[in-house]
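The following report describes selected features of one structure, moving from a ligand site to a sheet and then to two individual residues.

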Amino acid sequence: MLFSTLGLSCFWCHNLEFKGRDIVSIEDFIQTEINHILDVAKSMEPLAKGGSELLKGKILATLFFEPSTRTRLSFESAMLKLGGNVIGFAEPDASSTRKGENLADTVRTVENYADVIALRHSLEGSAKLAAEFSKVPIINAGTGSEEHPTQALIDLYTMRKESGKIDGLKVALVGDLRYGRTVHSLAYALALYSVELYLVSPETLRMRKDVLATIKSKIPVTENANLEKIMPQIDVLYVTRIQKERFPDAAEYAKVKGAYRIDLKTIEKAKKDLIILHPLPRVDEIAPEVDNTPQARYFQQVWNGIVVRMALLSLVLGAVE
Ligand code: CP
């Protein structure tokens, strides 16, 4: 048990069980568990810079059926920084899926080669299905438009690190709230805290009804908010890309393409300590001129992906309690 060597407090950790656990949905977690993951992530900062042998001998399989830069590479980097090894594929055509093998059989094969699997898939419910068949922990690395729970943990970690807290924040989610999976997981996660949420999107890209129903029962949510009006009040501006690849037809995408863009004028009346986040990749929804403002934190968010994923791998593999 490496808890004390990492300098973590163990006041209530005996009630928390992460070893062998799947990370499928952020809805599977209570606030205490999320806070613990964020604490462990913080303890990973020096290890991310200096390296470690915490997961020596362990193998991560990254099964990515959809494109990724950050999630796949940061999972792989996290494992390598912890002294473990990585196998996997970055596109379905590089696997036997091409020959007709289904996901259940793929997972029942790869569990023989790896101690933990990070899975990205276009189908909603695929991480849940994989977890039902796998003997090793499944980490959902993004499922269709459904969820991206590890990104939500990164987003929370960034808010806590950059704003010093999560409770009390006023957060605006801007952009594609319908097809964007990160905002679904993040909304579920924020609903576990005392947060006020503002939803800003084109009419056809409003937040999914199932997500809305859950979060509105827990926290104040303002739908269809006017960004200009709320700008002077908000603490976090979370911007997302329009998910072109998820639209059923090109004409629908064309109607909303370029519907919003954050530039220097947009944030003119923002609080000085506003933070601007984006899960990335970005297309044109944040102007490059914003990158050099003190509010822009989306590239710090990328670094935080490493420590949060180091924490998750260490927890589910039982190297940290
Ligand atoms: N944030 C995120 O999921 O990025 P990638 O699609 O590059 O993994």
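## Ligand site, sheet and two buried residues

In this predicted model, a nitrogen atom of the ligand lies 2.9 Å from a backbone N or O atom of P279. Taken alone, the ligand exposes 260 Å², of which the protein buries 92%. The residues around the ligand are S68, T69, R70, T71, R120, H148, Q151, P279 and L280, and polar atoms of R120 and Q151 also approach the ligand, as listed in the table together with P279.

| Residue | Protein atom | Ligand atom | Distance |
|---|---|---|---|
| R120 | polar side-chain atom | oxygen | 2.9 Å |
| Q151 | side-chain N or O atom | nitrogen | 3.1 Å |
| P279 | backbone N or O atom | nitrogen | 2.9 Å |

The sheet is considered next. Four strands in the order β2-β1-β3-β4 make up an open sheet with parallel pairing, in which β2 (85-89) and β4 (138-143) are the edge strands, each pairing on one side only. On average, and with direction ignored, neighbouring strands of this sheet are turned by 15 degrees against each other. Within the sheet, β1 (residues 59-64) pairs with β3 (residues 116-121) in the parallel sense over five bridges, and L60 stands opposite V116 in β3. Helix α3 (residues 70-81) lies across β1, β2, β3 and β4, and runs at about 175 degrees to β1.

The loop between α3 and β2 holds L82, a residue that counts as buried because its relative accessible area is 0%, where the limit is under 20%. Apart from its neighbours within four places in sequence, L82 is in contact with M44, L47, S52, E53, L54, L55, K56, M310, L313 and S314. Although L82 and G50 are 32 residues apart in sequence, their C-alpha atoms are 9.8 Å apart in space.

A second loop residue, D235, is placed between α9 (227-230) and β8 (236-239). Is D235 buried or exposed? With a relative accessible area of 11%, D235 is buried. The side chain of D235 takes part in a polar contact with the side chain of K271 at 2.7 Å, while a polar atom of the D235 side chain lies 2.7 Å from the backbone nitrogen of K170. When residues up to four places away in sequence are not counted, D235 touches G168, L169, K170, K271, D273, L274 and I275.

How values were computed
Residues are numbered from 1 along each chain as its sequence is written. This is a predicted model: local features need pLDDT of at least 70, side-chain atom pairs count only at pLDDT 80 or more; totals for chains, interfaces and linings use all residues. Side-chain values use heavy atoms; hydrogens and water are left out. Two strands pair if DSSP finds at least two bridges between them. Helices (H or I, at least four residues) and strands (E, at least two) are DSSP runs, numbered from the N terminus. Axes are lines fitted to C-alpha atoms, for helices over the stretch in contact, and angles run from 0 to 180 degrees between N-to-C directions. Contact means heavy atoms within 4.5 Å. A residue is near a molecule or strand if one of its heavy atoms lies within 4 Å of it. A polar contact is a pair of N or O atoms within 3.5 Å; within protein, one must be able to donate a hydrogen and the other to accept it, and residues adjacent in sequence count only if both atoms are side-chain atoms. Accessible areas come from the Shrake-Rupley method with a 1.4 Å probe; for residues, only the protein chains shown count as cover. Buried means under 20% relative accessible area, exposed over 50%, partly exposed in between (1.4 Å probe, protein chains only).
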